[in-house]
Amino acid sequence: MSAATPPPAKTEHHLAVFGDLFDIPDRALKTLGGGVRITLFVPRSRLAACDGVEHAHAVIALADDADATAWTDAVRAVHAAVPLTHALALVDHLAYEAAVATAAIGVPFHAPATMERVADKALMRRSLDERGLYPVPFRLAAGLDEARAAVAGIGLPCVFKPVSGTGSAGAVMVRDEKDMAAAYREASGHGKDVLVERFMTGPQFSVEALSENGRHLVLAITRKYSDPATLVELGHVMPAPLSEDEAAAVARCAEDVLDAVGLTYGPSHTEVILGPGGPVPIETHARVGGDDIWLMVHAATGIDLDTVQPDQALGRSVLDEVRSTLRTHAPRRPYQAVWFGASREATTFTGADLPAGDHVQVTALRTKGDPVPPLASTNDRVVKVRATGTTAEEALTLARETAAEACAALSLDLSLTDPSRTL
(Lines give C-alpha, C1' and ligand atoms only; values in the text may rest on other atoms or scores of the structure.)
Protein backbone atom coordinates (compact mmCIF):
# COMPACT_ATOMS: atom_id res chain seq x y z
CA MET A 1 0.00 0.00 0.00
CA SER A 2 1.51 3.28 -1.08
CA ALA A 3 1.85 6.20 1.31
CA ALA A 4 -0.89 8.80 1.12
CA THR A 5 -0.03 12.13 -0.52
CA PRO A 6 0.43 14.74 2.22
CA PRO A 7 -2.07 17.60 2.19
CA PRO A 8 -0.81 20.97 0.92
CA ALA A 9 0.68 23.27 3.53
CA LYS A 10 -1.82 25.63 5.06
CA THR A 11 -1.43 29.28 4.09
CA GLU A 12 -0.88 31.07 7.39
CA HIS A 13 0.57 34.26 5.96
CA HIS A 14 -0.36 35.87 2.66
CA LEU A 15 1.93 38.71 1.68
CA ALA A 16 1.00 41.37 -0.90
CA VAL A 17 4.07 42.94 -2.50
CA PHE A 18 3.61 46.05 -4.61
CA GLY A 19 6.46 46.52 -7.09
CA ASP A 20 9.68 44.51 -7.09
CA LEU A 21 10.09 41.46 -4.87
CA PHE A 22 13.87 41.62 -4.36
CA ASP A 23 14.70 39.06 -1.62
CA ILE A 24 11.36 39.35 0.19
CA PRO A 25 10.49 35.64 -0.26
CA ASP A 26 13.58 34.57 1.70
CA ARG A 27 13.01 37.21 4.37
CA ALA A 28 9.35 36.23 4.72
CA LEU A 29 10.21 32.58 5.26
CA LYS A 30 12.84 33.44 7.88
CA THR A 31 10.60 35.90 9.72
CA LEU A 32 7.22 34.21 9.45
CA GLY A 33 8.18 30.57 9.05
CA GLY A 34 6.32 28.15 6.77
CA GLY A 35 2.96 28.62 5.13
CA VAL A 36 3.85 31.90 3.40
CA ARG A 37 2.11 32.82 0.15
CA ILE A 38 3.20 35.85 -1.90
CA THR A 39 1.12 37.72 -4.44
CA LEU A 40 2.92 40.32 -6.51
CA PHE A 41 1.10 43.40 -7.77
CA VAL A 42 2.98 45.21 -10.53
CA PRO A 43 2.30 47.59 -13.46
CA ARG A 44 2.34 45.67 -16.72
CA SER A 45 5.28 47.54 -18.25
CA ARG A 46 7.50 46.75 -15.25
CA LEU A 47 6.75 43.05 -15.15
CA ALA A 48 9.56 41.90 -17.46
CA ALA A 49 12.24 43.69 -15.40
CA CYS A 50 10.74 42.92 -11.99
CA ASP A 51 13.24 41.33 -9.60
CA GLY A 52 12.24 38.04 -8.02
CA VAL A 53 8.98 37.55 -9.91
CA GLU A 54 9.68 33.82 -10.25
CA HIS A 55 9.26 33.45 -6.46
CA ALA A 56 5.71 34.81 -6.39
CA HIS A 57 2.82 32.38 -6.06
CA ALA A 58 0.64 34.71 -8.13
CA VAL A 59 1.21 37.85 -10.16
CA ILE A 60 -1.37 40.57 -10.76
CA ALA A 61 -0.38 42.98 -13.54
CA LEU A 62 -2.61 45.89 -14.50
CA ALA A 63 -2.23 48.63 -17.09
CA ASP A 64 0.24 51.38 -16.25
CA ASP A 65 -2.57 53.93 -16.07
CA ALA A 66 -4.71 51.85 -13.69
CA ASP A 67 -5.87 54.03 -10.82
CA ALA A 68 -6.16 53.28 -7.11
CA THR A 69 -9.71 52.01 -7.55
CA ALA A 70 -8.61 49.44 -10.11
CA TRP A 71 -5.78 48.23 -7.89
CA THR A 72 -8.14 48.08 -4.91
CA ASP A 73 -10.56 45.93 -6.89
CA ALA A 74 -7.70 43.56 -7.77
CA VAL A 75 -6.55 43.38 -4.15
CA ARG A 76 -10.10 42.75 -2.94
CA ALA A 77 -10.43 39.85 -5.38
CA VAL A 78 -7.20 38.25 -4.18
CA HIS A 79 -8.14 38.86 -0.54
CA ALA A 80 -11.52 37.19 -1.06
CA ALA A 81 -9.83 34.06 -2.41
CA VAL A 82 -6.96 33.81 0.08
CA PRO A 83 -7.02 36.53 2.78
CA LEU A 84 -3.99 38.80 2.79
CA THR A 85 -2.16 39.32 6.09
CA HIS A 86 0.81 41.59 5.27
CA ALA A 87 1.80 44.19 2.67
CA LEU A 88 5.06 45.73 1.49
CA ALA A 89 6.08 48.29 -1.12
CA LEU A 90 9.84 48.74 -1.36
CA VAL A 91 9.77 51.28 -4.21
CA ASP A 92 7.80 54.42 -5.02
CA HIS A 93 5.51 53.14 -7.75
CA LEU A 94 2.21 51.75 -6.43
CA ALA A 95 2.90 52.92 -2.86
CA TYR A 96 -0.18 55.17 -2.82
CA GLU A 97 -2.30 52.54 -4.58
CA ALA A 98 -1.08 49.98 -2.04
CA ALA A 99 -2.12 52.26 0.81
CA VAL A 100 -5.64 52.70 -0.56
CA ALA A 101 -6.06 49.01 -1.32
CA THR A 102 -4.76 47.72 2.01
CA ALA A 103 -6.90 50.23 3.91
CA ALA A 104 -9.93 48.82 2.12
CA ILE A 105 -9.24 45.27 3.37
CA GLY A 106 -7.83 46.16 6.79
CA VAL A 107 -4.24 44.98 6.24
CA PRO A 108 -1.61 47.10 8.07
CA PHE A 109 0.28 49.55 5.83
CA HIS A 110 0.95 53.27 5.54
CA ALA A 111 -2.16 55.46 5.67
CA PRO A 112 -3.40 56.63 2.26
CA ALA A 113 -3.16 60.27 3.36
CA THR A 114 0.48 59.74 4.31
CA MET A 115 1.37 58.17 0.97
CA GLU A 116 -0.49 60.96 -0.81
CA ARG A 117 1.57 63.61 1.00
CA VAL A 118 4.78 61.70 0.29
CA ALA A 119 3.98 61.32 -3.41
CA ASP A 120 2.70 64.86 -3.94
CA LYS A 121 5.34 67.55 -3.32
CA ALA A 122 2.72 70.29 -3.08
CA LEU A 123 0.80 68.39 -0.39
CA MET A 124 4.03 67.91 1.56
CA ARG A 125 4.65 71.67 1.40
CA ARG A 126 1.10 72.38 2.59
CA SER A 127 1.49 69.91 5.45
CA LEU A 128 4.58 71.81 6.60
CA ASP A 129 2.89 75.19 6.11
CA GLU A 130 0.04 74.07 8.36
CA ARG A 131 2.62 73.57 11.11
CA GLY A 132 4.43 76.82 10.35
CA LEU A 133 7.58 74.94 9.37
CA TYR A 134 10.16 75.60 6.64
CA PRO A 135 8.13 77.94 4.41
CA VAL A 136 9.08 77.84 0.72
CA PRO A 137 7.14 79.92 -1.83
CA PHE A 138 5.46 77.57 -4.34
CA ARG A 139 2.50 77.34 -6.70
CA LEU A 140 0.93 74.66 -8.87
CA ALA A 141 0.64 75.41 -12.58
CA ALA A 142 -1.75 73.61 -14.93
CA GLY A 143 -0.53 75.53 -17.98
CA LEU A 144 2.23 77.82 -19.20
CA ASP A 145 0.26 80.97 -18.37
CA GLU A 146 -0.16 79.77 -14.78
CA ALA A 147 3.54 78.94 -14.66
CA ARG A 148 4.41 82.46 -15.81
CA ALA A 149 2.12 83.90 -13.14
CA ALA A 150 3.75 81.66 -10.52
CA VAL A 151 7.21 82.89 -11.48
CA ALA A 152 6.00 86.49 -11.32
CA GLY A 153 4.86 85.88 -7.75
CA ILE A 154 7.77 83.73 -6.60
CA GLY A 155 10.63 85.37 -8.43
CA LEU A 156 13.71 83.90 -10.11
CA PRO A 157 15.55 81.61 -9.83
CA CYS A 158 12.99 78.88 -9.37
CA VAL A 159 12.49 75.21 -10.17
CA PHE A 160 9.84 73.65 -12.40
CA LYS A 161 9.21 70.00 -11.59
CA PRO A 162 6.45 67.39 -11.72
CA VAL A 163 4.35 67.41 -8.59
CA SER A 164 5.19 63.74 -8.22
CA GLY A 165 8.14 61.74 -9.46
CA THR A 166 11.69 60.67 -8.65
CA GLY A 167 15.16 60.65 -10.12
CA SER A 168 15.10 64.37 -10.99
CA ALA A 169 13.05 63.46 -14.08
CA GLY A 170 11.39 66.60 -15.41
CA ALA A 171 13.01 68.94 -12.88
CA VAL A 172 14.38 72.09 -14.52
CA MET A 173 16.13 75.13 -13.09
CA VAL A 174 14.75 78.42 -14.43
CA ARG A 175 17.01 81.45 -14.16
CA ASP A 176 15.61 83.54 -16.99
CA GLU A 177 12.06 84.20 -18.20
CA LYS A 178 13.00 83.10 -21.72
CA ASP A 179 13.59 79.57 -20.37
CA MET A 180 10.11 79.15 -18.91
CA ALA A 181 8.35 77.66 -21.95
CA ALA A 182 10.96 74.92 -22.43
CA ALA A 183 11.06 74.24 -18.68
CA TYR A 184 7.30 73.90 -18.51
CA ARG A 185 7.25 71.50 -21.47
CA GLU A 186 9.89 69.32 -19.82
CA ALA A 187 8.24 69.28 -16.38
CA SER A 188 4.69 68.79 -17.69
CA GLY A 189 5.86 65.84 -19.78
CA HIS A 190 6.17 63.86 -16.55
CA GLY A 191 2.78 64.64 -15.02
CA LYS A 192 -0.34 66.74 -15.26
CA ASP A 193 0.55 69.44 -12.74
CA VAL A 194 3.82 71.31 -12.48
CA LEU A 195 5.18 72.56 -9.17
CA VAL A 196 6.89 75.93 -9.38
CA GLU A 197 8.89 76.74 -6.28
CA ARG A 198 11.63 79.06 -5.12
CA PHE A 199 15.11 77.68 -5.75
CA MET A 200 16.75 77.29 -2.37
CA THR A 201 20.50 77.85 -2.26
CA GLY A 202 22.92 75.84 -0.16
CA PRO A 203 24.55 72.40 0.00
CA GLN A 204 22.29 69.41 -0.47
CA PHE A 205 21.82 66.50 1.90
CA SER A 206 19.68 63.42 2.28
CA VAL A 207 18.63 61.94 5.60
CA GLU A 208 18.15 58.20 5.91
CA ALA A 209 15.87 57.34 8.82
CA LEU A 210 13.88 54.47 10.25
CA SER A 211 10.57 54.95 12.02
CA GLU A 212 8.58 52.70 14.33
CA ASN A 213 5.38 53.54 16.19
CA GLY A 214 5.81 57.18 15.21
CA ARG A 215 9.38 57.42 16.56
CA HIS A 216 12.10 58.38 14.10
CA LEU A 217 15.74 57.32 14.23
CA VAL A 218 18.21 59.01 11.88
CA LEU A 219 20.66 56.43 10.51
CA ALA A 220 22.88 58.62 8.35
CA ILE A 221 23.17 61.97 6.59
CA THR A 222 24.58 62.12 3.06
CA ARG A 223 26.14 65.13 1.33
CA LYS A 224 24.94 65.26 -2.29
CA TYR A 225 26.31 66.95 -5.42
CA SER A 226 24.02 67.72 -8.37
CA ASP A 227 24.31 69.10 -11.87
CA PRO A 228 23.03 72.71 -11.81
CA ALA A 229 21.60 72.45 -15.35
CA THR A 230 19.50 69.30 -14.91
CA LEU A 231 19.44 68.89 -11.09
CA VAL A 232 20.52 65.27 -11.62
CA GLU A 233 22.62 63.92 -8.78
CA LEU A 234 26.24 63.26 -9.75
CA GLY A 235 27.82 62.22 -6.46
CA HIS A 236 27.44 61.83 -2.72
CA VAL A 237 29.40 61.04 0.41
CA MET A 238 28.30 59.51 3.74
CA PRO A 239 28.54 60.43 6.58
CA ALA A 240 28.24 64.05 5.50
CA PRO A 241 31.04 66.35 6.71
CA LEU A 242 28.87 68.45 9.04
CA SER A 243 29.39 70.02 12.43
CA GLU A 244 27.44 68.51 15.30
CA ASP A 245 25.02 71.47 15.30
CA GLU A 246 24.53 71.32 11.52
CA ALA A 247 23.89 67.59 11.60
CA ALA A 248 21.37 68.01 14.40
CA ALA A 249 19.52 70.73 12.47
CA VAL A 250 19.38 68.67 9.26
CA ALA A 251 18.21 65.59 11.18
CA ARG A 252 15.54 67.58 13.01
CA CYS A 253 14.29 68.98 9.70
CA ALA A 254 13.83 65.47 8.32
CA GLU A 255 12.03 64.33 11.46
CA ASP A 256 9.69 67.33 11.21
CA VAL A 257 8.86 66.36 7.63
CA LEU A 258 8.10 62.77 8.65
CA ASP A 259 5.79 64.01 11.39
CA ALA A 260 4.08 66.41 8.98
CA VAL A 261 3.32 63.74 6.38
CA GLY A 262 2.35 61.24 9.09
CA LEU A 263 4.94 58.54 8.46
CA THR A 264 4.89 56.17 11.44
CA TYR A 265 7.02 53.19 10.41
CA GLY A 266 9.59 52.02 7.90
CA PRO A 267 12.60 53.59 6.20
CA SER A 268 12.56 57.08 4.73
CA HIS A 269 14.75 59.16 2.47
CA THR A 270 14.38 62.93 2.94
CA GLU A 271 16.21 65.53 0.86
CA VAL A 272 17.23 68.78 2.55
CA ILE A 273 19.00 72.00 1.56
CA LEU A 274 21.12 73.64 4.27
CA GLY A 275 20.60 77.28 3.34
CA PRO A 276 21.80 80.52 4.93
CA GLY A 277 18.75 80.54 7.18
CA GLY A 278 18.99 76.90 8.15
CA PRO A 279 17.71 73.63 6.67
CA VAL A 280 14.82 73.49 4.19
CA PRO A 281 13.24 70.20 3.07
CA ILE A 282 12.89 69.46 -0.64
CA GLU A 283 11.01 66.15 -0.65
CA THR A 284 10.66 62.86 1.19
CA HIS A 285 10.11 59.22 0.28
CA ALA A 286 8.81 56.26 2.30
CA ARG A 287 11.62 53.98 1.13
CA VAL A 288 15.37 53.56 1.30
CA GLY A 289 17.59 55.93 -0.66
CA GLY A 290 18.67 54.79 -4.11
CA ASP A 291 22.01 55.24 -5.89
CA ASP A 292 23.61 52.71 -3.51
CA ILE A 293 22.70 54.83 -0.49
CA TRP A 294 21.03 51.89 1.28
CA LEU A 295 24.19 49.87 0.72
CA MET A 296 26.32 52.74 1.99
CA VAL A 297 24.16 52.87 5.13
CA HIS A 298 24.94 49.20 5.73
CA ALA A 299 28.68 49.71 5.29
CA ALA A 300 28.86 52.90 7.35
CA THR A 301 26.45 51.99 10.16
CA GLY A 302 25.99 48.22 10.13
CA ILE A 303 22.23 48.62 9.48
CA ASP A 304 21.09 46.29 6.68
CA LEU A 305 17.88 47.91 5.46
CA ASP A 306 17.37 45.01 3.03
CA THR A 307 16.72 42.95 6.14
CA VAL A 308 15.28 45.52 8.53
CA GLN A 309 12.55 46.87 6.25
CA PRO A 310 10.80 43.60 5.36
CA ASP A 311 11.26 42.22 8.87
CA GLN A 312 9.55 45.27 10.33
CA ALA A 313 6.71 45.14 7.78
CA LEU A 314 6.24 41.49 8.63
CA GLY A 315 5.59 42.36 12.26
CA ARG A 316 8.96 42.36 14.04
CA SER A 317 9.99 45.31 16.22
CA VAL A 318 13.41 46.47 15.01
CA LEU A 319 14.13 49.95 16.36
CA ASP A 320 15.89 48.98 19.60
CA GLU A 321 18.07 46.48 17.77
CA VAL A 322 18.98 49.14 15.20
CA ARG A 323 19.90 51.60 17.95
CA SER A 324 22.24 49.01 19.47
CA THR A 325 23.94 48.39 16.13
CA LEU A 326 24.47 52.12 15.58
CA ARG A 327 26.23 52.36 18.95
CA THR A 328 28.61 49.46 18.36
CA HIS A 329 29.43 49.44 14.64
CA ALA A 330 32.95 50.76 13.92
CA PRO A 331 34.21 50.07 10.35
CA ARG A 332 37.86 50.69 9.47
CA ARG A 333 36.92 52.88 6.50
CA PRO A 334 33.64 54.43 7.64
CA TYR A 335 33.18 56.96 4.82
CA GLN A 336 31.41 55.91 1.64
CA ALA A 337 31.26 57.91 -1.59
CA VAL A 338 29.77 57.51 -5.05
CA TRP A 339 30.34 59.51 -8.25
CA PHE A 340 28.66 59.04 -11.63
CA GLY A 341 29.78 59.62 -15.19
CA ALA A 342 27.46 60.90 -17.91
CA SER A 343 27.39 62.95 -21.11
CA ARG A 344 26.00 66.34 -22.12
CA GLU A 345 25.63 65.19 -25.72
CA ALA A 346 24.13 62.09 -27.29
CA THR A 347 26.82 59.53 -27.96
CA THR A 348 27.51 55.79 -27.92
CA PHE A 349 28.98 53.79 -25.06
CA THR A 350 32.41 52.63 -26.21
CA GLY A 351 32.94 49.96 -23.59
CA ALA A 352 36.59 50.84 -22.93
CA ASP A 353 38.53 49.22 -20.10
CA LEU A 354 37.57 50.88 -16.83
CA PRO A 355 40.00 51.80 -14.03
CA ALA A 356 40.38 49.71 -10.91
CA GLY A 357 42.14 50.09 -7.58
CA ASP A 358 42.08 49.52 -3.86
CA HIS A 359 38.96 50.68 -1.99
CA VAL A 360 37.15 51.57 -5.23
CA GLN A 361 34.63 49.78 -7.46
CA VAL A 362 33.73 50.90 -10.99
CA THR A 363 30.50 49.75 -12.63
CA ALA A 364 29.44 50.37 -16.23
CA LEU A 365 25.71 51.10 -16.46
CA ARG A 366 25.66 50.44 -20.23
CA THR A 367 27.11 47.81 -22.52
CA LYS A 368 29.30 48.47 -25.56
CA GLY A 369 27.32 49.99 -28.40
CA ASP A 370 24.42 51.22 -26.25
CA PRO A 371 23.19 54.75 -26.90
CA VAL A 372 24.11 57.35 -24.31
CA PRO A 373 21.51 60.14 -24.10
CA PRO A 374 22.25 63.69 -22.95
CA LEU A 375 22.00 63.92 -19.16
CA ALA A 376 18.40 64.70 -18.19
CA SER A 377 17.56 62.23 -15.41
CA THR A 378 19.29 59.69 -13.19
CA ASN A 379 18.60 57.00 -15.79
CA ASP A 380 20.99 58.76 -18.19
CA ARG A 381 24.13 58.19 -16.08
CA VAL A 382 26.43 55.57 -17.56
CA VAL A 383 29.25 54.91 -15.09
CA LYS A 384 29.15 54.50 -11.31
CA VAL A 385 32.18 54.64 -9.03
CA ARG A 386 31.93 53.71 -5.35
CA ALA A 387 34.81 54.28 -2.95
CA THR A 388 35.57 54.11 0.77
CA GLY A 389 37.82 56.24 2.93
CA THR A 390 38.93 57.13 6.43
CA THR A 391 37.60 60.68 5.89
CA ALA A 392 34.82 62.13 3.78
CA GLU A 393 37.34 63.99 1.64
CA GLU A 394 39.39 60.85 0.98
CA ALA A 395 36.37 58.80 -0.08
CA LEU A 396 34.90 61.54 -2.24
CA THR A 397 38.20 62.37 -3.94
CA LEU A 398 38.85 58.72 -4.74
CA ALA A 399 35.36 58.27 -6.20
CA ARG A 400 35.46 61.50 -8.22
CA GLU A 401 38.98 61.07 -9.60
CA THR A 402 38.29 57.48 -10.59
CA ALA A 403 35.06 58.61 -12.28
CA ALA A 404 37.05 61.24 -14.19
CA GLU A 405 39.51 58.58 -15.33
CA ALA A 406 36.65 56.34 -16.49
CA CYS A 407 34.94 59.23 -18.29
CA ALA A 408 38.18 60.11 -20.09
CA ALA A 409 38.50 56.50 -21.29
CA LEU A 410 34.89 56.54 -22.48
CA SER A 411 34.99 60.03 -24.04
CA LEU A 412 32.32 61.28 -21.63
CA ASP A 413 31.94 64.77 -20.22
CA LEU A 414 34.74 65.44 -17.70
CA SER A 415 33.02 68.59 -16.44
CA LEU A 416 30.45 66.35 -14.78
CA THR A 417 33.19 65.00 -12.49
CA ASP A 418 34.19 68.48 -11.28
CA PRO A 419 32.59 69.21 -7.86
CA SER A 420 33.19 72.95 -8.31
CA ARG A 421 30.58 72.83 -11.09
CA THR A 422 27.90 71.18 -8.96
CA LEU A 423 25.24 72.38 -6.57
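Here are some notes on this predicted model, going from the overall build to the local details.

1. Overall build. The protein comes to 12 helices and 18 strands. Its radius of gyration is 22 Å, which agrees with the value near 22 Å that a compact globule of 423 residues would have. Along the principal axes, the C-alpha trace spans about 80 × 55 × 45 Å.

2. Burial and contacts. Of the 423 residues, 50% are buried. The exposed surface is about 18,600 Å², and carbon and sulfur atoms supply 50% of that. Looking at contacts between residues at least 6 apart in sequence, 64% join residues at least 24 apart.

3. The parallel sheet. Early in the chain you'll find an open sheet of 4 strands in the order 3-2-1-4, with parallel pairing. Strand 3 (58-62) and strand 4 (86-88) are its edge strands, each pairing on one side only. Neighbouring strands here are turned by 20 degrees against each other on average, direction ignored. If you want a spot to check the register, strand 1 (residues 13-18) and strand 4 run parallel and are joined by 3 bridges, and Leu15 stands opposite His86 of strand 4.

4. The antiparallel sheet. Another open sheet takes 4 strands in the order 5-8-6-7, and here the pairing is antiparallel. Its edges are strand 5 (138-141) and strand 7 (172-174); each has a single partner strand, so one side of each is left without a neighbour in the sheet. The twist averages 25 degrees from one strand to the next. Strand 5 is joined to strand 8 (residues 194-198) by 4 bridges, with Phe138 having Glu197 as its bridge partner in strand 8.

5. Helices on that sheet. Which strands does helix 5 (residues 121-130) lie across? They are strand 5, strand 6 (158-162) and strand 8, and the helix runs at about 150 degrees to strand 5. Helix 6 (residues 144-154) also lies across strand 5, strand 6 and strand 8, running at about 170 degrees to strand 5.

6. Helix 4 and its buried side. Which residues of helix 4 (residues 112-119) are buried? They are Thr114, Met115 and Val118. These residues cover an arc of only 95 degrees around the axis, which puts them on the same side of helix 4. That fits the usual helix geometry: an α-helix has 3.6 residues a turn, so residues three or four places apart point the same way. As for what they meet, the buried residues of helix 4 pack against helix 3 (95-105), helix 8 (244-261) and strand 13 (278-285).

7. Strand 18, buried on both faces. Strand 18 (residues 383-389) has 7 of its 7 residues buried, so it is largely enclosed by the rest of the structure. In a regular strand the side chains alternate between the two faces of the sheet. Here Val383, Val385, Ala387 and Gly389 point one way, while Lys384, Arg386 and Thr388 point the other way, and all are buried. Note that Lys384 and Arg386 are among the buried residues, so they are worth a look on screen.8. Partners of strand 18. Strand 14 (residues 335-341) is joined to strand 18 by 7 bridges, and the two run antiparallel. Val338 of strand 14 stands opposite Arg386. Strand 16 (residues 360-364) pairs with strand 18 too, in the antiparallel sense and over 5 bridges. In that pairing, Val360 has Ala387 as its bridge partner.

9. Two cis prolines. Most residues other than glycine have a negative phi, and most peptide bonds are trans. A cis peptide bond joins Leu156 and Pro157, with omega at about -5 degrees; Pro157 sits in the loop between helix 6 and strand 6. Another cis bond joins Met238 and Pro239, where omega is about -10 degrees. Pro239 lies in the loop between strand 11 (233-238) and helix 8.

10. Positive phi. Leu94 is not a glycine, yet its phi is positive at about 75 degrees. Leu94 is in the loop between strand 4 and helix 3 and is buried, with a relative accessible area of 8%. Asp292 also has a positive phi, near 70 degrees. Where is Asp292 placed? Asp292 is in the loop between strand 13 and helix 9 (293-301). At 9% relative accessibility, Asp292 counts as buried.

Note on methods. Residues numbered from 1 in each chain as written. Heavy atoms only, no water. Buried < 20%, exposed > 50% of the residue type's maximum accessible area, 1.4 Å probe, protein only. Arc of directions from axis to C-beta. Contact = heavy atoms within 4.5 Å. Pairing = 2+ DSSP bridges. Axes fitted to C-alpha atoms, helices over the stretch in contact; angles between N-to-C directions. Rg over C-alpha atoms; globule rule 2.2 N^0.38 Å. Areas by Shrake-Rupley, 256 points an atom, 1.4 Å probe, with all protein chains shown as cover.
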